[in-house]
Amino acid sequence: MPSAPSDQPPRAWQRMLSGRRLNLLDPSPLDVEISDIAHGLARVARWNGQTYGNHAFSVAEHSLIVEDIALMLKPDLPPHWRQAVLLHDAPEYVIGDMISPFKAVIGEAYKGVEARLQAAIHLRYGLPAEIPQAVKKLAKRADIICAYFEAVELAGFEEKEAAKIFGKPRGFPLNSEGKLHFGLEPLPVARAQQKFMKRFEEIEALREAGNKRKSARTSG
C-alpha cells in the first residue's frame with residue numbers, strides 16, 4: 001500500500017562520508033569538509049562523461065588545471081585567491097556538474113543553490129562569501145581556457161568549433177603538429193582525489209605561513 005501523505009517538507013540535506021549533514025537549501029559552513037569536497041569532485045565527471053580515456057575527466061582534476069592556468073595568467077596571485085580558484089567548482093561535490101545547456105534550461109533555481117553552497121564553502125575556509133570581481137573574472141577566464149583544451153583533447157570537438165564556443169587561448173604551448181595542446185589525461189578517481197587534497201593542503205600551508213609572517217611584523 002502507498003504510504004500516507006506526510007506534512008513534513010521534503011528532505012533537503014545530504015549525508016556526507018565525513019558524517020556531516022549538509023543542507024542544500026541553507027548550507028552551514030560548519031558542515032563543509034574538504035575531505036568530502038575532494039571525494040565528491042573526484043567522482044563527478046566533466047562533459048557528462050562524454051570524454052576519451054579509460055577514466056572520466058573529473059571536476060577535481062579540472063579544478064587543479066584551472067588553478068594552474070590562473071597562476072600562468074597571474075603568477076603573483078596570493079594564496080587565498082589561489083584557494084578560491086581551486087574551489088571555484090566546489091559546490092559540484094553536492095549538486096554535480098550540470099552541463100551549460102541544461103543550466104540554461106533550469107535557470108535561476110540552480111544558480112541560487114549553487115551560490116549559497118559556494119558562499120558556505122568560502123566562509124568555511126576563511127574566504128569572503130563573495131570574492132572580488134577581479135578574482136571571479138580570473139577564475140572564469142582560466143575555466144574557459146581549460147574548457148577549450150578539454151573540448152579539443154578529450155570531448156571530440158574540432159578546433160574551429162571549440163574556438164567558436166570558448167575562444168582560442170593565446171600564449172599556450174603548441175604540439176609537434178603546431179596545434180594548441182595542454183596534454184590532458186584523465187586520472188583514476190583515487191589519484192584525482194589525492195592530488196586535489198594535496199594541492200589544497202599546500203595552499204593552506206602557504207596561507208598559514210603568510211599569516212605568521214604578517215603577525216610577526218605586526219607584533220614587532
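Visitor: How much area does the protein chain expose, and what share of it do carbon and sulfur atoms supply?
Guide: The protein chain exposes about 12,800 Å², and 54% of that comes from carbon and sulfur atoms. Accessible areas follow the Shrake-Rupley method with a 1.4 Å probe, and for residues only the protein chains shown count as cover. This is a predicted model, in which local features need pLDDT of at least 70, side-chain atom pairs count only at pLDDT 80 or more, and totals for chains, interfaces and linings use all residues. Residues are numbered from 1 along each chain as its sequence is written, and side-chain values use heavy atoms, with hydrogens and water left out.

Visitor: Which elements make up the chain, and in what order?
Guide: From the N terminus the order is β-β-α-α-α-α-α-α-α-α-α, that is, two strands and nine helices. Helices (H or I, at least four residues) and strands (E, at least two) are DSSP runs, numbered from the N terminus.

Visitor: What share of the residues is buried?
Guide: Of the 220 residues, 40% count as buried, meaning under 20% relative accessible area; over 50% is exposed, and values in between are partly exposed (1.4 Å probe, protein chains only).

Visitor: Turning to the backbone, where is Trp47 placed?
Guide: Trp47 is in the loop between α1 (34-41) and α2 (59-73). Its phi is near 60 degrees, a positive value in a residue other than glycine. Trp47 counts as buried because its relative accessibility is 18%. Asn48, found in that loop between α1 and α2, also has a positive phi, of about 55 degrees, although it is not a glycine.

Visitor: And the aromatic rings: how many pairs are there?
Guide: The structure holds seven aromatic pairs. Rings of Phe, Tyr and Trp (its six-membered ring) pair if their centres lie within 6.5 Å; planes under 30 degrees apart count as stacked, over 60 as edge-to-face and the rest as tilted. Tyr125 and Phe200 have ring centres 5.0 Å apart and planes at 75 degrees, so they are edge-to-face. This pair links distant parts of the chain, 75 residues apart: Tyr125 in the loop between α6 (108-124) and α7 (133-153), and Phe200 in helix α9 (residues 189-219).

Visitor: Are those two buried or exposed?
Guide: Tyr125 counts as buried at 8% relative accessibility, and Phe200 counts as buried at 4%.

Visitor: Which residues do ring pairs link into a cluster?
Guide: The cluster consists of Tyr148, Phe149, Phe172 and Phe182. Phe149 and Phe172 are both buried.
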